[in-house]
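Q: Could you take a close look at the enclosed empty space in this model, and then at its cysteines? I'd like to know what lines the largest cavity, and why the structure holds zero disulfides.

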Amino acid sequence: MAEVLDKVYDPKKIEVRWYEYWEQAGLFFARADGARPPYCIVIPPPNITGSLHMGHALNNTLQDILVRFKRMQGFDVLWIPGTDHAGIATQNVVERQLAREGLDRHALGREAFIKRVWQWKTESGGHIIKQLKRLGCSCDWSRERFTMDEGLTYAVREVFVRLYEEGLIYKGDYIINWCPRCQTALADLEVEHEPKDGHLYFIKYLLDGREGAVTVATTRPETLLGDTAVAVHPEDARYQALHGAILRLPVLGRKIPLITDPYVTPEFGTGALKITPAHDFNDFEIARRLNLPGVRVIDEKGLMTAEAGKYQGLDRFACREKILKDLKADGLLEKVERYSLALGHCYRCKTVVEPMVSKQWFVAVKSLAEQAIQAVEKGRTKLIPPTWEKSYFDWMTNIRDWCISRQIWWGHRIPAWTCERCGQVMVPRQDPESCPQCGSSDLVQETDVLDTWFSSALWPFSTLGWPDETPELKLFYPTTVLVTAFDILFFWVARMMMMGLHVMGEVPFKQVYIHALVRDPEGRKMSKSKGNVIDPLDLMDQYGTDAFRFSLAAFAAMGRDVRLSEERIAGYRNFANKVWNACRFTLMNLEDFEPLLPDVLPLTAVEAWILSRLQQVTSETATRLDSYDFDQAAHVLYQFIWHEFCDWYLELIKPQLYDAGNQQARYHCQGILLQVMSAILRLLHPFIPFITEEVWQKLPGAAGSIMVAPYPQPDPTLVNPAAEAEMRLVMDTITAIRNLRGEMNVPPASQVEIFLYSAKPQPLEILRRHSQAVTLLAKVQEPHYNEDSGPPAAAAKAIVDAVEIFMPLTGVLDFAEEERRLAREVEKITKELTQAQRKLANEDFLAKAPAAVVAKEKERVQTWTEKLTKLQNHQQRIRELMG
């Protein structure tokens, strides 16, 4: 006997209860016994400092849809969760905490500071894990990992040592991005470039020993103090006579050569390029080729060094102002032009980064990148959609060695020691006690830690137990698919490809599904500064997790950003409510159903139609999910459930369900209803897990959790095109009659007459068989079929396929009053439309009004135009009926 649902769906009453049930029942656990085909996803590990944002919500909803889908299909599903230690971000959080206590990390000391970070991690870190559970994520929490847990630390050490032994990790002087605020090196990808209005300064470098000068254009005049040459293109005719000349460095007077290099672009500025090897990436490469010295004039704190002469101690930007003043006074500042530039900022603290030469640890990635390029070219890993391949190949082809050292304390400390006596450098698997070269125990460990992305690059195999040969590693590597946003394609995906191929000899995942970003309704990126951030937790509280998840899936079109608004989520809450009400109706009508009783009745046309459609929906939904067309899968289910199952099927079977006089037919109808409802719940479960579990537990004959119920399989024998065509005619006819009633303003209570005519007998035979449905759902009298008297006068008309439909209106409508009513409506709408059109024709309004207000006004014009057209058409029809 079926239990009945509450009248109103309340997400808060069921979500926590069912999530706890799933966890306690061990339903997220992967057996890893080889008995079933493996399916594995590793979660992109969120930072332990993080809170759930829209990007996390979309990413993890899509992953959860996939793993629930595959689990129901019989796969041994392992979805590995975990968090990232987020070196710079976490250290900043704890340093701010210390600052509020009047302390800093240096006063605390390294060991005590690291203990303090671990304490913070225990008390406050990982809050996002609870939020992922709130979202319904069915991760295997028994295998949760952290990038600095014991196993992953072991894996990081082993990979570092191997790469060092292979000559792929080295320490050297190189120009890097430096953050003066975070006091650490940054990888290229950790620098965010933002367009900014700046200036191009034209500065004269006087020739030494003769009259004249070479004018150089630069955006950073403070760095001229570190210039060691000025370069021109060897074929630039303007400077042919000056090759080999000596110039005087402005302000300082140091002598520097004028050199030639084909790198110089003659069209930029004056065609003369100042060379500052210690503070510019391109200049550093030129200096290496031509053996030019480098002069460091800006230090780690962004202050000018002793090499800057009288500017020593000034902040780099204060130095700019001072040097410009001095250049102007000396007559060396020729002119200043406005110039748009892309300024690099630290991705964490937004400080302007400083290119700086320093000793750092690097991974030589060229050979690793070549393997990763070939793996995608040969299809061993497929990027979905494939449009991302070009970006991947471009970045991999032009990749520079990866700076992996960071001047912070929180993270994997680089396992390198230097002997103070003989200078020997050691990179061992175990902490050394003495120098293997001289035997001294006076060893000093490297103080830098590894870039956070180094440990993240090992995530697909380290989380499976590598370097140990675990059952999980053997069964689940390479993983099946990685679901990620495009903004970390190079930060993370490319590096996992390189490390997986090099360490494991195999790609880390067979497919990479790259989804777009979640933006606001106007398509803008969400940010606190714009005030357009939507908190997913607020939305889940307000609309329920199921509605929120279904919204994200429904808008996740491949390769297109998700434009999200509360109105759209409210729309899918209506869908969740529709599902709930349909389930409640079903359960109420299954209260006396006995699943084990035999059913010998054949399928009705209605049942044959709904079962046929169900097979197609089942097949298409699975196909769409397998191809990562989440929005299409959601759309197929939405249309079928709302517009076919709810709007038609449930209405069409009510006479059978309510016929107490024919228990056998009622029982048969109940059985088909149960069959269809069971399949719908299982199809919906990956998208809306909570509602479906609540209903499943009350469904007659259901056993265990819906999470492990078999995903529906299409039955080709139930596909019935004839039944579909028959019911399409019936539904289209009912719809046409309803439209006529609405267009002609027929009162809802009027049981009007309907005359049906067709030259073909078959359509009318079908409609005769379904006359009960037509009369009940169209609210009309028993239809007349091919009456000899011919079509009635003063009748509204519609055509459906080969059937003409006539609705007599004499005695139903007062035509004169209807015409007057329409005239009033037309006048009112015309007035509103004219006012709105005047607004949009006003250039002042268009220039000053917010974009949203203008868009709203355009929308109103479109709505009123459509409504006016309909009213005028109706006016014309009424006049025709009046004769």
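A: Happy to walk you through the cavities and then the cysteines. Please keep in mind that this is a predicted model.

Let's start with the empty space. Rolling a probe the size of a water molecule over the atoms shows where empty space is left. Here the count comes to three cavities of 30 Å³ or more, and the largest cavity has a volume of about 40 Å³. Its lining includes Leu-58, together with Tyr-513, Ile-514, His-515 and Ala-516. Also in the lining are Ala-556, Ala-557, Met-558, Gly-559, Arg-560 and Val-562. Among the contributors, strand β23, spanning residues 509-515, gives the most to this lining, with three residues. Sorted by class, the lining of the largest cavity has eight nonpolar residues, two polar ones and one charged one.

Now to the sulfur atoms. A disulfide is a covalent bond between the sulfur atoms of two cysteines. The structure holds zero disulfides, and two cysteines help to show why. For Cys-137, the closest cysteine sulfur belongs to Cys-139 and lies 5.2 Å away, which is too far for a bond, given that a disulfide needs the two sulfur atoms within 2.5 Å. Cys-137 is also buried, with a relative accessible area of 0%. For Cys-646, the closest cysteine sulfur is that of Cys-583, at 8.2 Å, so this pair is too far for a bond as well. Cys-646 counts as buried too, at 8% relative accessibility.

Technical notes: Residues numbered from 1 in each chain as written. Predicted model: local features only at pLDDT ≥ 70, side-chain atom pairs only at ≥ 80, totals over all residues. Heavy atoms only, no water. 1 Å grid on protein atoms, 1.4 Å probe; cavity = no way out; pocket = protein on both sides within 12 Å on 5 of 7 lines; lining within 4 Å. Points joined across faces, edges and corners; volume = space filled by probe spheres on them. Helix = DSSP H or I, 4+ residues; strand = E, 2+ residues; numbered from the N terminus. Nonpolar A, V, L, I, M, F, W, Y, C, P; charged D, E, K, R; others polar. Buried < 20%, exposed > 50% of the residue type's maximum accessible area, 1.4 Å probe, protein only.
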